[in-house]
Amino acid sequence: MEELARELNRVAATLHHPERPFVTVSYAQSIDGSIATRRRRPLPISGPGAMRMTHGLRALHDGILVGIETVLADDPQLSVRLVEGPHPQPVVLDTRLRTPLEARLLKGENGRPWLVGAMENPQDKVKAITAAGADVLPCRREENNGRLDLTQTLRLLHKRGIRRLMVEGGARVITSFVRAQLVDLFIITIAPKLVGGLQVMTAPPNGSEAPMALTEIHYDRLEDDLVLWARPDWRDP
Ligand SMILES: NC(=O)c1ccc[n+]([C@@H]2O[C@H](COP(=O)([O-])OP(=O)(O)OC[C@H]3O[C@@H](n4cnc5c(N)ncnc54)[C@H](OP(=O)(O)O)[C@@H]3O)[C@@H](O)[C@H]2O)c1
């Protein structure tokens, strides 16, 4: 963990994006690339050491972002509990404000979550979720697929002081960040399990058949798991 933390601090210090945070994508997968069951049921994929590492990584970021399907499937708290450290600001990509009013995130110890939603959400919906404990950040949608525009999302987060963002999932959110080339560092825990479940990449990373390469690759063993950290190589393969 110390070496990984040093590397994260080093890369984050050398990369300066004027209008967006430094983005780490971090998730746990089985050796067949699954991050959950096929029915999106939560699955303890990695071991306790990797779980502690994840909490340690959260504490090194100002914000932690997931997609609404992860909130609906896992009801996560997105806080730092297994190690000492500050809680990052929770952020959910939630176009239509589907976050349940009883979600644990709304009652959590790490402040009011920010729900990034579409511009056109009705005021009564915004009021209800605001009263339940979240702040809504209206955001533009992409013209081609109607999804929240990630460049604008990151700009909104940067304006609110987020300088390091950890993107934890799920599959569709990770795929969108990769396809938009908005990732600075990958930290991937690979557990020696076969799941045959929800694949982390829901579409080709480049929009073509060509695989995307990683560079500056490090591997570390953590109990039975393998932790890989690397930078994306956006050049054409
Ligand atoms: N193993 C791990 O490390 C790990 C970590 C996290 C999650 N998970 C698992 O991942 C599963 C959920 O993954 P998922 O792929 O179904 O959903 P997801 O990535 O959590 O959420 C996807 C949803 O986010 C919203 N969204 C808004 N803007 C988006 C954008 N630009 N790109 C992508 N999504 C956008 C969309 O819903 P709206 O249109 O309604 O906004 C979209 O359907 C769960 O089973 C969870 O357990 C595993």
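Buried here means under 20% relative accessible area. Keep that cut-off in mind, and remember that this is a predicted model.

**Stop 1: helix 7**

Select residues 171-179, which form helix 7. Colour A171, V173, I174, T175, F177 and V178: these are the buried residues of the helix. In an α-helix, residues three or four places apart point the same way, because there are 3.6 residues a turn. Look down the helix axis with that in mind. Then step just past the end of helix 7 to Q181, where phi is positive, at about 55°.

**Stop 2: strand 1 and its partners**

Now select residues 22-30, strand 1. Is this strand mostly covered or mostly open? It is mostly covered, with eight of its nine residues buried.

Add strand 7, residues 164-169. Strands 1 and 7 run parallel and are joined by four bridges. Next add strand 8, residues 185-191. Its pairing with strand 1 is also parallel, and it spans seven bridges.

Pick T24 and look to both partners. Which residue does T24 bridge to in strand 7? The partner there is M166. In strand 8, the bridge partner of T24 is L185. While the strands are on screen, check the side chains: in a regular strand they alternate between the two faces of the sheet.

**Stop 3: strand 4 and the loop after it**

Select Q89, which lies in strand 4. Q89 counts as buried because its relative accessibility is 16%, and the cut-off is under 20%.

Move on to D94, in the loop between strand 4 (89-93) and helix 4 (104-107). Why does D94 count as buried? Its relative accessibility is 0%.

Bring in I68 and draw two C-alpha distances. From D94 to I68 the separation is 5.2 Å, with their positions 26 residues apart along the chain. From Q89 to I68 it is 16 Å, for positions 21 residues apart in sequence.

**Stop 4: a charge over a ring**

Show the side chains of R160 and W114. The charged end of R160 sits over the ring of W114. Its distance from the ring centre is 4.7 Å.

**Stop 5: a nonpolar surface patch**

Switch to a surface view and select I217, Y219 and L226. Together they make a nonpolar patch of about 290 Å². L226 belongs to strand 11, residues 225-233. L226 is classed as partly exposed because its relative accessible area is 32%, and that class lies between 20% and 50%.

Terms used
Residues numbered from 1 in each chain as written. Predicted model: local features only at pLDDT ≥ 70, side-chain atom pairs only at ≥ 80, totals over all residues. Heavy atoms only, no water. Lys NZ or Arg CZ within 6 Å of the ring centre and 35° of its normal. Patch = residues over 30% accessible without salt bridge, like charges linked within 9 Å, V, L, I, M, F, W, Y side chains within 5 Å. Areas by Shrake-Rupley, 256 points an atom, 1.4 Å probe, with all protein chains shown as cover. Salt bridge = Lys/Arg side-chain N within 4 Å of Asp/Glu carboxyl O. Helix = DSSP H or I, 4+ residues; strand = E, 2+ residues; numbered from the N terminus. Buried < 20%, exposed > 50% of the residue type's maximum accessible area, 1.4 Å probe, protein only. Pairing = 2+ DSSP bridges.
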